[in-house]
Amino acid sequence: MPPFFPASNPCKIDMRSLDEFATAKLGEIERSNLRRTLVETTRVTGIWVERHGRRLLSFCCNDYLNLTHHPAIKEAAIAALRTYGIGAGASRLVTGNHPLFAELEARLARVKETDAACVFGSGYLANLGIIPTLVGPGDLVLIDELAHACLWAGARLSHAAVVPFRHVDVAHAEMLLRELRGRHRRALIATDGVFSMDGDLAPLPALAALAQRHDAWLLADDAHGLGVVGGGRGSNFAHGKKADVPLQMGTLSKALGAYGGYLCASAAVIDLMRNRARTLIYSTGLPPPIVAAASAALDLIERQPAYAALPLTKAKAFARRAGLAEPVSPIVPIVIGAPEAAIAASRLLEQHGFLVAAIRPPTVPAGTARLRLTFTAQHPDDEIERLAALVRRRILEQAPATAVAAQ
Ligand SMILES: *Cc1c(COP(=O)(O)O)cnc(C)c1O
């Protein structure tokens with residue numbers, strides 16, 4: 001049978017200004033050494049990847065517990081696929097609310113010690129839905145200057161006044177609140193719990209106390225915390241005692257190895273999300289196999305906190321051997337400075353069998369292009385030693401003036 005849509009004769013649309021715009025813009029990006037390309041990469045296991053026909057040990061996946069390839073979790077996804085099919089078929093508000101959501105949301109709320117939880121299509125979509133549901137024109141969002149792009153995007157989408165405070169600087173946030181709080185109806189403070197490009201922790205207990213004093217609502221994004229810090233329960237449990245964070249969002253795509261986002265909060269807030277968060281209402285529910293996988297992953301983390309401690313232990317062992325400051329999360333940045341130097345360092349490591357991403361502006365501030373290493377539970381200790389020796393001798397000692405650990 002011939003294909004239904006013949007491949008020949010694609011219709012050529014004459015929209016020259018559009019292509020000229022795209023080409024000129026790409027030229028600008030290229031000249032700043034910031035052009036990005038997608039490189040086909042096959043993840044063979046939780047730690048090994050294949051790229052350009054070579055097997056490389058990856059230190060740039062956020063799969064902290066290597067659950068993307070865990071046999072029991074894959075089985076949970078396969079079983080859900082057999083029972084419920086591939087896609088949800090509709091928004092959760094229509095017919096996409098398959099029975100697996102309730103179980104996952106109950107687990108999330110239990111781990112985060114909140115009344116309720118709500119799952120979104122992704123972490124990015126969660127923040128785009130949560131922030132405009134809570135604040136709007138006339139309100140105030142104070143945001144850590146290094147907060148993740150999707151917290152910024154959600155804040156801007158809300159049309160509230162968005163004011164950054166200096167990175168992890170509680171005194172600066174307090175000064176801004178004193179000055180600005182009285183002029184706004186509602187106020188929200190937004191921060192990462194674990195910062196995605198620096199690996200440091202937000203001072204959540206102090207921010208929570210500050211927020212309470214000024215009647216501001218604290219939203220902490222725990223994308224890199226759940227499953228890896230605070231006994232696996234996340235950044236609001238990583239400071240000795242539990243930080244009182246009323247809005248705890250995060251992702252199911254990093255340590256949980258699946259996909260999706262969530263908010264854990266009071267029953268009233270979660271109910272409001274289900275009624276008002278546009279990215280929840282107007283977007284299809286997550287595929288059932290993905291929800292089942294996230295649920296099985298969370299179950300594993302709850303039952304095996306010792307396994308969840310491994311990524312940080314490995315990151316610390318690496319830093320000790322490389323001569324870097326002790327990390328507080330499995331994310332270890334090595335700031336190089338110029339984008340081309342960061343790329344050269346990444347290439348060097350790749351020649352030795354290690355995949356380590358060079359992170360460049362605008363993902364990080366100008367002048368702070370870096371290597372970003374993420375450590376995971378199954379990274380072999382001897383390979384970590386080999387990588388540390390290479391980083392120390394060939395990167396840190398080569399450029400002592402510019403290459404420094406960000407912390
Ligand atoms: C990765 C990340 C997100 C986005 O989560 P996705 O589920 O991948 O969309 C949000 N916030 C932070 C801090 C992240 O690192």
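**Close-up views of the ligand site and the domains**

**View 1. Two domains make up the assignment of this chain.** Domain 1 takes in 34-63 + 309-405, and domain 2 spans 71-303. The model is predicted. Between the C-alpha centres of domain 1 and domain 2, the separation is 27 Å. At the contact between them, domain 1 contributes 14 residues and domain 2 contributes 15 residues.

**View 2. The largest pocket holds the ligand.** Around the ligand there are 14 residues. Those that come nearest are G123, D221, H224, T251 and K254. By residue class, the shell around the ligand has eight polar members, three nonpolar and three charged.

**View 3. Ligand oxygen atoms pair with polar atoms of G123, H224 and S253.** For G123, the partner is a polar backbone atom, 2.7 Å from an oxygen atom of the ligand. H224 uses a polar side-chain atom, and the distance to an oxygen atom of the ligand is 2.7 Å. In S253, an N or O atom of the side chain lies 3.4 Å from an oxygen atom of the ligand. On its own, the ligand has 380 Å² of accessible area, and the protein covers 88% of that area.

**View 4. G123 and H224 in the ligand shell.** Both belong to the set of residues that come nearest to the ligand. G123 offers a backbone atom to a ligand oxygen, whereas H224 offers a side-chain atom.

Definitions and conventions. Residues numbered from 1 in each chain as written. Predicted model: local features only at pLDDT ≥ 70, side-chain atom pairs only at ≥ 80, totals over all residues. Heavy atoms only, no water. Near = heavy atom within 4 Å. Polar contact = N/O pair within 3.5 Å; in protein donor to acceptor, adjacent residues only side chain to side chain. Areas by Shrake-Rupley, 256 points an atom, 1.4 Å probe, with all protein chains shown as cover. 1 Å grid on protein atoms, 1.4 Å probe; cavity = no way out; pocket = protein on both sides within 12 Å on 5 of 7 lines; lining within 4 Å. Sits in = over half its atoms within 2 Å of the grid points. Nonpolar A, V, L, I, M, F, W, Y, C, P; charged D, E, K, R; others polar. Domains from an automatic or database assignment. Contact = heavy atoms within 4.5 Å.
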